[in-house]
Structures are given as structure tokens and as C-alpha cells.
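Student: Could you walk me through this model? I'd like to practise reading it.

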Amino acid sequence: MIPAMRPVIVAGNWKMHTTPAEAGELAATIARRTNEPDVVRVLCPPFVSLAAVRDALEAEPGAGAVAVGAQNVHHETTGPYTGEVSAHMLQGLASWVIVGHSERRRDAGETDELISRKVQRALDTGLRVILCVGEQLEDREAGHAADLVRTQVRGSLDGVDVAAIAPLLTIAYEPVWAIGTGRHAQGSDAAAMAAVIRATLGGLGFDDRGEEIPVLYGGSVSSSNIGDFMDEPSIDGALVGGASLKPDEMAGIVARAGLTARARAQR
Ligand code: PGA
């Protein structure tokens with residue numbers, strides 16, 4: 001496997017933080033502080049701040065390379081779904097979307113079956129998908145982490161058109177016990193799970209294209225631990241939560257990711 005085939009990606013998930021005015025300002029600051037042409041940068045603000053972030057990035061000279069992502073999408077295109085947002089409504093606002101985040105699995109009861117429908121809708125509209133998977137602490141302690149992640153990958157992509165999805169799919173391995181806890185996984189554990197994920201994709205009909213799918217690590221990523229993950233050839237970047245709200249942290253994370261991106265490109 002030649003890692004240079006895969007881009008290095010740093011995506012920030014702002015969760016339920018920032019008003020539109022704050023989001024625009026934060027996006028512009030992060031864009032300025034993370035000017036790394038070798039790293040794909042994505043900022044995922046709340047729905048109501050997507051337009052502000054898009055506009056702020058457009059107004060920021062040289063920041064055009066920062067993409068905007070949504071944090072969720074509905075599984076239908078239109079209809080009586082109060083408070084929901086469909087993939088085609090995101091057109092012009094976002095080019096990426098996070099699907100299946102563990103906080104939505106937990107708080108909105110999202111199942112793998114529902115997530116697979118969201119993935120398909122996002123793809124139908126040409127959105128790039130960051131599909132999140134990851135085990136609970138009990139699963140890891142019981143030695144079931146790999147089985148659980150395998151099941152999530154299979155279930156979340158069930159029935160999805162593999163040929164269409166391959167160029168648009170990124171998977172984020174986010175162990176639930178590491179999210180927002182300050183307790184991050186080991187780089188080697190994340191790498192082992194990336195291998196499980198790619199092997200599972202292979203079995204789903206991705207075949208060799210499974211090796212082309214970027215796998216990110218997420219869960220308490222910071223500028224001081226990003227190197228542990230970027231040192232692993234099978235990990236292609238990070239999905240960053242809390243630290244993505246801090247420009248200094250994002251600058252450090254993206255700079256470290258840029259070192260890996262350049263080293264890979266020279267191989
Ligand atoms: P965290 O969140 O970096 O704050 O742990 C990661 C995520 O939920 O994507």
C-alpha cells in the first residue's frame with residue numbers, strides 16, 4: 001500500500017458551539033493559522049453557521065482551500081420532518097458531511113441502518129462523507145472492539161453503491177471513550193483499527209479500493225498527541241472536536257499533519 005495515494009485530512013467538528021457571527025470569525029482565524037496546502041482542511045460548524053463560515057472563508061485571501069462540512073444530514077430528500085436538513089439543502093453551503101457521529105448514535109438513536117440511508121443520500125448529492133465508527137469502553141475491555149467496528153462499517157454501508165461512494169468516503173475511527181474525555185487512544189490501536197476497517201471494506205466489494213479510503217482518528221486529538229497518529233502510515237489525519245475551536249491547537253495539529261503529508265508525497 002502506498003499511503004501517498006491518500007490525502008491527509010484534518011476536519012474540525014464544532015458540535016453545538018458558535019453563533020453564526022462567532023463561527024465566521026473563528027473560521028477566518030483558523031484558515032489564516034493553518035495555511036498548509038498539503039492538508040485537506042474541513043470545518044464543520046452547526047447548520048445555522050454554515051453560510052457564515054462559507055462567506056468568511058470566501059472573503060479570506062488564500063483560504064479557499066478550507067472546505068465546509070455539515071455535522072449531520074437527514075435520510076430523506078424532503079418531507080414532513082420538522083427541524084431536519086436534507087442533503088440537497090446543503091448544496092452551496094457544504095461539500096462535506098459527518099454521518100453517524102457517536103453523539104448522534106447516542107442522543108438521536110441513530111442506527112447503522114439509518115446511517116446507511118444518510119450515507120446514500122449524501123452521496124447522491126455529491127457530498128463527501130466522514131462516516132464515524134467506534135466502540136464503547138465496555139466493548140474494548142471485553143475484547144470486542146474490532147467486532148463492533150466491523151459491524152458498524154458493514155451496517156453503515158449496507159446497500160450503498162460502492163463504486164459511487166469510493167471517491168467520496170472517509171472513515172473516522174472514534175472510540176467513544178476517547179471523545180471529549182482527554183483520554184486518547186494509542187496510535188498503534190488506531191492503526192490496528194484502520195486495518196480492520198479497510199479489511200471490512202474489502203469484504204464489502206471495495207476490494208483494493210478499500211486501501212484508497214482515508215481513515216482518520218478522532219477522540220481527544222490535540223496538538224500534543226497528533227504526532228502519535230500521524231506517525232502511523234495507515235492513519236490519514238484527524239477528526240478534531242474540542243481542540244478545533246482553538247486556533248492555536250488547530251495550527252499545531254494542521255502543521256504536524258502537513259509534515260506527514262509532505263513526507264508521504266516524497267515517497
Ligand atoms: P474531541 O471530539 O476531539 O473533543 O474528543 C472528537 C469528535 O467528537 O469528533
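Tutor: Sure, and let's start with a term: angles under 35 degrees count as roughly parallel, over 145 as roughly antiparallel, 65 to 115 as roughly perpendicular and the rest as oblique. Keep in mind that this is a predicted model, where local features need pLDDT of at least 70, side-chain atom pairs count only at pLDDT 80 or more, and totals for chains, interfaces and linings use all residues. Residues are numbered from 1 along each chain as its sequence is written, and side-chain values use heavy atoms, leaving out hydrogens and water.

Student: How are H6 and H8 oriented to each other?

Tutor: Helices (H or I, at least four residues) and strands (E, at least two) are DSSP runs, numbered from the N terminus. H6 covers residues 145-156 and H8 covers residues 187-206; their axes are 9 Å apart, at an angle of about 40°. Here axes are lines fitted to C-alpha atoms, for helices over the stretch in contact, and angles run from 0 to 180 degrees between N-to-C directions. The two helices are therefore oblique.

Student: What kinds of residues make up the contact of H6 with H8?

Tutor: Contact means heavy atoms within 4.5 Å. On H6 the contact residues include Val-149 and Arg-150, and on H8 they include Ile-197 and Leu-201. For sorting them, Ala, Val, Leu, Ile, Met, Phe, Trp, Tyr, Cys and Pro count as nonpolar, Asp, Glu, Lys and Arg as charged, and the others, Gly among them, as polar. The split is 9 nonpolar, 1 polar and 2 charged.

Student: And H1 with H2, how do those residues divide?

Tutor: The axes of H1 (residues 20-33) and H2 come within 8 Å and cross at roughly 35°. Among the contact residues are Ala-23, Gly-24 and Ala-27 of H1, along with Val-53 and Ala-56 of H2. Sort them and you get 8 nonpolar, 1 polar and no charged.

Student: Is Ala-59 buried or exposed?

Tutor: You'll find Ala-59 in helix H2, which spans residues 50-59. Buried means under 20% relative accessible area, exposed over 50%, partly exposed in between (1.4 Å probe, protein chains only). Ala-59 has 63% relative accessibility, so it counts as exposed.

Student: In what order do the strands close into a barrel?

Tutor: Two strands pair if DSSP finds at least two bridges between them. For instance, S2 (residues 39-44) and S3 (residues 66-70) run parallel and are joined by 3 bridges. There are 8 strands in the barrel, with parallel pairing, in the order S1-S2-S3-S4-S5-S6-S7-S8.

Student: Which residue in S8 is the bridge partner of Ala-11?

Tutor: S1 (residues 8-13) and S8 pair in the parallel sense over 4 bridges. On another pairing, S7 (residues 215-218) and S8 are parallel over 2 bridges, with Gly-218 opposite Leu-239. The partner of Ala-11 in S8 is also Leu-239.

Student: Which residues of S8 are buried?

Tutor: In a regular strand the side chains alternate between the two faces of the sheet. S8 (residues 237-240) has both faces covered. The buried residues are Gly-237 and Leu-239 on one side, and on the other Ala-238 and Val-240.

Student: Last one: is Ser-220 buried or exposed?

Tutor: Ser-220 sits in the loop between S7 and helix H9 (226-230). Its phi is positive, about 55°, although Ser-220 is not a glycine. With 19% relative accessibility, Ser-220 counts as buried.
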